[in-house]
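I opened this one to follow strands, rings and surface patches in turn. My notes are below, in the order I looked things up.

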Amino acid sequence: MQLTFRPVQLDDKPWMDRIIRLEDARSSDWCFTSIFVWNDTFHQQVTAAGDRLAVKLMYHGVPFYAFPIGQGDLEPIIMALHRDVEPYGIPLKIRGITAKMMDELEAVFPGRFEFSPDTFAFDYVYEAEKLATLAGRKLSAKRNHINRFIENNPDWTFEPITAETLPACIDMSREWALYHQKDANFTAELTALGQAFDHYDALGLEGGFIRVGGRIIAFSIGERLNSDTYITHFEKAFSDIQGAYPMINREFARYICATHPDMQYINREDDLGIESLQRAKKSYYPAFMVEKYAGVWRGAL
């Protein structure tokens, strides 16, 4: 088998979605939006490998690959990935491997991959109802922040993002970016957010925002990830407004529960190893983490 990778395009969404839906994974990696909007950072290329999807990523000129999800014989695809990586003179590296995928690789190539946890890529997954209600003693601090927000901003409203209000959310994101333009951690994310805004309808995204005194002060954007999990791709708020982040988090969770009652969980993606994100995401006490591993081929073929 010979794989011919090419840059991911919007036109790839239908055939990629078909394979992704069959995989039904809770990992944020397996969502067309996640692949498409981060293309400027990871230069992602895709190809259909029979009934599987192969994704090649480049980071600082070094290639690695996603586990080829789908159906059919895995062995010839992994060997084709070996041939693709040969010109770079490095061993085959596959990232974003879940426990299920690790078992599949071990079944076909026993002992040939060395696995290590990719902890910065672990996804935080929460019970949707708990994010919507913030019930329980552990989340009392979040409720307190929200109470302060309501006291300070009695005219607040939550609204779904529509074609009419999307431009105002884009303007808010640009204002937010001015406060973070010196932070390298957010540069790539802002580029990805721009892609999401530019192709909002084509990607099938939905979202909501909070307005105070006529001004948008927070928004959140996401979509259905699989049969029981929703994914929040982006969430932005002005941190100088007390409770703005907990408020948009809760209100968007309520929106998800109301519009998608079959969604049991909300995946809020990884923390990229950023300490502030780690603290924020852990403070909501995830139901579980989607653990991911990197697998590197041992020795010669």
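**Notebook: strands first, then rings**

I started at a turn: strand 10 and strand 11 make a hairpin with two residues between the strands, and in it G213 takes a positive phi near 60°. I am keeping in mind throughout that this is a predicted model.

**Entry 1: around strand 10.** I looked up how the two arms of that hairpin run. Strand 10 (residues 206-212) pairs with strand 11 in the antiparallel sense, over seven bridges. I then checked the register: G208 stands opposite S220 in strand 11, and the bridge partner of F209 in strand 11 is F219. On its other pairing, strand 10 meets strand 9 (residues 157-160), again antiparallel, over four bridges. There I found F158 standing opposite I210 of strand 10. I also asked how many of the seven residues of strand 10 are buried. The count is six, and I noted the strand as mostly covered.

**Entry 2: on to strand 11.** Strand 11 covers residues 215-224, and eight of its 10 residues are buried, so I put it down as mostly covered too. Next I followed its pairing with strand 12 (residues 229-237), which is antiparallel over seven bridges. One position I wrote down is G222, which stands opposite T232 in strand 12. Strand 11 and strand 12 form a hairpin as well, with four residues between them.

**Entry 3: aromatic pairs.** I turned to the rings and counted 15 aromatic pairs. One of them is F113 with F115, a stacked pair at 6.1 Å centre to centre, with 25° between the planes. Is F113 buried or exposed? I have F113 as buried, because its relative accessibility is 2%. F115 counts as partly exposed, because its value is 23%.

I then picked out Y265 and F288, an edge-to-face pair at 5.2 Å centre to centre, with 75° between the planes. Y265 lies in strand 13 (residues 265-267) and F288 in strand 14 (residues 288-290), so this pair ties together parts that are 23 residues apart in sequence. For cover, Y265 is buried because its relative accessible area is 14%. F288 is partly exposed, because its relative accessible area is 25%.

Back at the stacked pair, I looked for further rings. F113 and F115 belong to one aromatic cluster together with F109 and W297.

**Entry 4: charges over rings.** I searched for side-chain charges above ring faces and wrote down two. R95 lies over the face of F64, at 5.0 Å from the ring centre. K236 lies over the face of W176, at 4.8 Å from the ring centre.

**Entry 5: a surface patch.** Last, I went to the surface. Which residues form a nonpolar patch there? They are V62, Y88 and I90, with about 230 Å² of accessible area together. I looked at V62 a little further: V62 lies in strand 4 (residues 62-66). V62 counts as partly exposed, because its relative accessibility is 42%. That value also clears the patch cut-off, because patch residues need over 30% relative accessible area.

**Where I stopped.** For a second look at the rings, I would go back to the cluster of F109, F113, F115 and W297. For the strands, my bookmark is G213 in the hairpin of strand 10 and strand 11.

Definitions and conventions
Residues are numbered from 1 along each chain as its sequence is written. This is a predicted model: local features need pLDDT of at least 70, side-chain atom pairs count only at pLDDT 80 or more; totals for chains, interfaces and linings use all residues. Side-chain values use heavy atoms; hydrogens and water are left out. Patches are made of residues with over 30% relative accessible area and no salt bridge: like charges are joined within 9 Å, nonpolar side chains (Val, Leu, Ile, Met, Phe, Trp, Tyr) within 5 Å. Accessible areas come from the Shrake-Rupley method with a 1.4 Å probe; for residues, only the protein chains shown count as cover. A salt bridge is a side-chain nitrogen of Lys or Arg within 4 Å of a carboxyl oxygen of Asp or Glu. Buried means under 20% relative accessible area, exposed over 50%, partly exposed in between (1.4 Å probe, protein chains only). Rings of Phe, Tyr and Trp (its six-membered ring) pair if their centres lie within 6.5 Å; planes under 30 degrees apart count as stacked, over 60 as edge-to-face and the rest as tilted. A charge sits over a ring if NZ of Lys or CZ of Arg is within 6 Å of the ring centre and within 35 degrees of the ring normal. Two strands pair if DSSP finds at least two bridges between them.
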